[in-house]
Amino acid sequence: MLATADLLASVDFPRAGANLRRSVSTSYYALFARLAALCAERIARSKPASDSFRSVYRAIDHGHARNALLGHVEFGSPLGDNFKRLQEARHWADYSIDPHPEFDRGAAGRFTRAEAQQFVTLARETIGFVDALAPDAKQRLAVLLVARSRR
């Protein structure tokens, strides 16, 4: 997915706005898919084609993942912070008519190729962070993302 996001951010069309937005969205989904796969690998412990793997992979909820990560001491920074930033950018890219993801904060002008590439880089670095976690930390992360608190 990151290769696709890279490609979309680098293609030079006169009106590249849709490609840049798609790149941002794809960057978020690359991270989300990596987290879902990690959960399925750690919890289902079966082949990706199995029903149990698919069930755990599909069990991750975007909102729950964000809240769980942001509120967690071990994973809140940088994982939770980066997840939130990418998710907010994805919401802008997929749903907003504003010309820039920070338009409401006074950002002027159009979203640029360099900005799209920054989101691709952020996703790549965040996936690298997840992949570099120790096995026991990956297990804790998987449980955090799948389990729901009964508070």
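This briefing covers the charged pairs, one buried lysine, a helix core and a pocket.

The model is predicted. It has nine salt bridges. Arginine 34 takes part in two of the pairings described below, one with glutamate 41 and one with aspartate 131. Lysine 138, by contrast, is buried and has no salt bridge.

**Salt bridges of arginine 34**

- Arginine 34 pairs with aspartate 131, with 2.7 Å from N to O.
- Arginine 34 sits in helix α2 and aspartate 131 in helix α6, so this salt bridge joins parts that lie 97 residues apart in sequence.
- Arginine 34 also forms a salt bridge with glutamate 41, where the closest N and O atoms are 3.7 Å apart.
- Arginine 34 is buried, at 18% relative accessible area.
- Both partners are partly exposed: aspartate 131 has a relative accessible area of 37%, and glutamate 41 has 40%.

**Other salt bridges**

- Arginine 140 and glutamate 74 meet through their side chains, 2.6 Å from N to O.
- Arginine 140 belongs to helix α7 and glutamate 74 to the loop between α4 and α5, so the pair ties together parts 66 residues apart in sequence.
- Arginine 140 is partly exposed at 38% relative accessible area, and glutamate 74 is partly exposed at 33%.
- A network of salt bridges links Arg22, Arg90 and Asp94.

**Lysine 138, buried without a salt bridge**

- Lysine 138 lies in helix α7, which spans residues 135-146.
- The nearest side chain of opposite charge is that of aspartate 131, 5.2 Å away.
- A salt bridge needs the nitrogen and oxygen within 4 Å, so that distance does not qualify.
- The backbone of aspartate 131 does come into play: its oxygen is 3.0 Å from a polar atom of the lysine 138 side chain.
- Leaving aside residues up to four places away in sequence, lysine 138 touches Leu38, Arg42, Val130, Asp131 and Leu133.

**Helix α5 and its packing**

- Helix α5 covers residues 76-95, and its buried residues include Leu79, Phe83, Leu86, Trp92 and Ala93.
- Glycine and polar or charged residues are among the buried ones too, including Gly76, Gly80, Asn82, Gln87 and Arg90.
- The buried residues of α5 pack against α2, α4 (62-70), α6 (113-132) and α7.

**The second largest pocket**

- The second largest pocket has a volume of about 200 Å³.
- It is lined by 12 residues, and Ala16, Gly17, Leu20, Arg110 and Phe111 are the closest to its centre.
- Helix α2 (residues 17-44) contributes the most to the lining of this pocket, with four residues.

How values were computed. Residues are numbered from 1 along each chain as its sequence is written. This is a predicted model: local features need pLDDT of at least 70, side-chain atom pairs count only at pLDDT 80 or more; totals for chains, interfaces and linings use all residues. Side-chain values use heavy atoms; hydrogens and water are left out. Helices (H or I, at least four residues) and strands (E, at least two) are DSSP runs, numbered from the N terminus. Buried means under 20% relative accessible area, exposed over 50%, partly exposed in between (1.4 Å probe, protein chains only). Lys and Arg count as positive and Asp and Glu as negative; His and the chain ends are not counted. A polar contact is a pair of N or O atoms within 3.5 Å; within protein, one must be able to donate a hydrogen and the other to accept it, and residues adjacent in sequence count only if both atoms are side-chain atoms. Contact means heavy atoms within 4.5 Å. On a 1 Å grid over the protein atoms alone, a cavity is a set of points where a 1.4 Å probe fits but cannot get out, and a pocket is an open set with protein on both sides within 12 Å along at least five of seven lines; lining residues have an atom within 4 Å of a point. Grid points are joined across faces, edges and corners, and a volume is the space filled by probe spheres set on the points.
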